[in-house]
Amino acid sequence: MSEPRHEDHGRKVAAMFGRIAGWYDFLNHFLSLGQDCYWRYRLVRLVRPEKDGMVLDLAAGTLDVSVELLRQYPGCRVLAMDFAYPMLHCGKGKKLDGKHENVRGRRISTAQADGKALPLPDDCLDGATIAFGIRNILPRSEAYSEIMRTLKPGARFCILEFGSGKKKIWKGVYNFYLNRVLPLIGRIVSGDSGAYSYLADTIKAFPDERSLGEELREAGFGRVMFIPLLSGIVYIHVAEKPEQAS
Ligand SMILES: C[S@@+](CC[C@H](N)C(=O)[O-])C[C@H]1O[C@@H](n2cnc3c(N)ncnc32)[C@H](O)[C@@H]1O
């Protein structure tokens, strides 16, 4: 059971994403100069589910990863879960390419759910992703144990997340962008003064790539690896549920 301060944090995060949902996609593409699409593409390539398997896209937001999962694995079913319903709702109109467009309704199921209490049975998933979501969940260990419980042995959990903003990147240019430029643009465009300083603050408070890898091992995952993208501004972590979970 989560502590009250974590419950409170969760409610605030859900409300914040609910407020910015309408602007979320535009700001994402704009502030990352379109790089976010490539990052999600790389994330999804690493999931490698069974051909007709079921994949969870946790903290699915406006469904960009869910749609990419179906593009790369058209036989799969995707469960898109997020606890901010307005984010899921904004993503519902998204289209796949012409070939797979008509399967979207049947193959992506959305549900409002908390990553710390997944409404899923044990050992049912052939893969799980979380893109820019794990940073928002406290404590992370509760999400890890839910993912571990619901993955089939051997299936992969793939995380896309910013690296720790404590590291100086591009001689501090990135850090200046993160701390000053991004909150300002975010505030002007979305009208939400807190949301984009929250982004910078949570990136700075987030563990570096090695510590995150260690956390995943401590949570019981095996074969943990991480891949830096764009000079380590972003990382993908891949972790497997061991065949014989301990
Ligand atoms: C930055 S958005 C990422 C959305 C999407 N994955 C993407 O790639 O753009 C973070 C999402 O995490 C969701 N979230 C935060 N905490 C959560 C939790 N405990 N359970 C489920 N979703 C959560 C928020 O509602 C928000 O939609």
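Which backbone N or O atom lies 2.9 Å from a nitrogen atom of the ligand? In this predicted model, the atom belongs to Ala131.

**Figure 1. Surroundings of the ligand in the predicted model.** The ligand is surrounded by 19 residues. Tyr24, Ala59, Asp82, Gly115 and Ala131 are the closest of these. Ala131 places a backbone N or O atom 2.9 Å from a ligand nitrogen atom.

**Figure 2. Further polar contacts of the ligand, with Ala59 and Arg40.** A nitrogen atom of the ligand is 2.7 Å from a backbone N or O atom of Ala59. In Arg40, an N or O atom of the side chain lies 2.9 Å from an oxygen atom of the ligand.

**Figure 3. Packing of helix 2 against helix 3.** Helix 2 spans residues 35-45 and helix 3 spans residues 64-72; their axes are 9 Å apart, at an angle of about 55°. Helix 2 is therefore oblique to helix 3. The two helices, 2 and 3, form a right-handed crossing. Helix 2 contributes Arg40, Tyr41, Leu43, Val44 and Arg45, which meet Asp64, Val65, Glu68, Leu69 and Gln72 of helix 3. Five nonpolar, one polar and four charged residues make up this contact. Arg40 thus appears both in this contact and beside the ligand oxygen atom.

**Figure 4. Packing of helix 7 against helix 8.** The axes of helix 7 (residues 173-190) and helix 8 (residues 195-205) cross at roughly 155° and come within 7 Å. Helix 7 is therefore roughly antiparallel to helix 8. Tyr174, Leu178, Asn179, Leu182, Pro183, Gly186 and Ser190 of helix 7 meet Tyr196, Ser197, Leu199, Ala200, Ile203 and Lys204 of helix 8. By class, the contact has eight nonpolar, four polar and one charged residues.

Terms used:
Residues are numbered from 1 along each chain as its sequence is written. This is a predicted model: local features need pLDDT of at least 70, side-chain atom pairs count only at pLDDT 80 or more; totals for chains, interfaces and linings use all residues. Side-chain values use heavy atoms; hydrogens and water are left out. Axes are lines fitted to C-alpha atoms, for helices over the stretch in contact, and angles run from 0 to 180 degrees between N-to-C directions. Helices (H or I, at least four residues) and strands (E, at least two) are DSSP runs, numbered from the N terminus. Angles under 35 degrees count as roughly parallel, over 145 as roughly antiparallel, 65 to 115 as roughly perpendicular and the rest as oblique. A crossing is left-handed if the near helix is turned anticlockwise from the far one by less than a right angle, and right-handed if clockwise. Contact means heavy atoms within 4.5 Å. Ala, Val, Leu, Ile, Met, Phe, Trp, Tyr, Cys and Pro count as nonpolar, Asp, Glu, Lys and Arg as charged, and the others, Gly among them, as polar. A residue is near a molecule or strand if one of its heavy atoms lies within 4 Å of it. A polar contact is a pair of N or O atoms within 3.5 Å; within protein, one must be able to donate a hydrogen and the other to accept it, and residues adjacent in sequence count only if both atoms are side-chain atoms.
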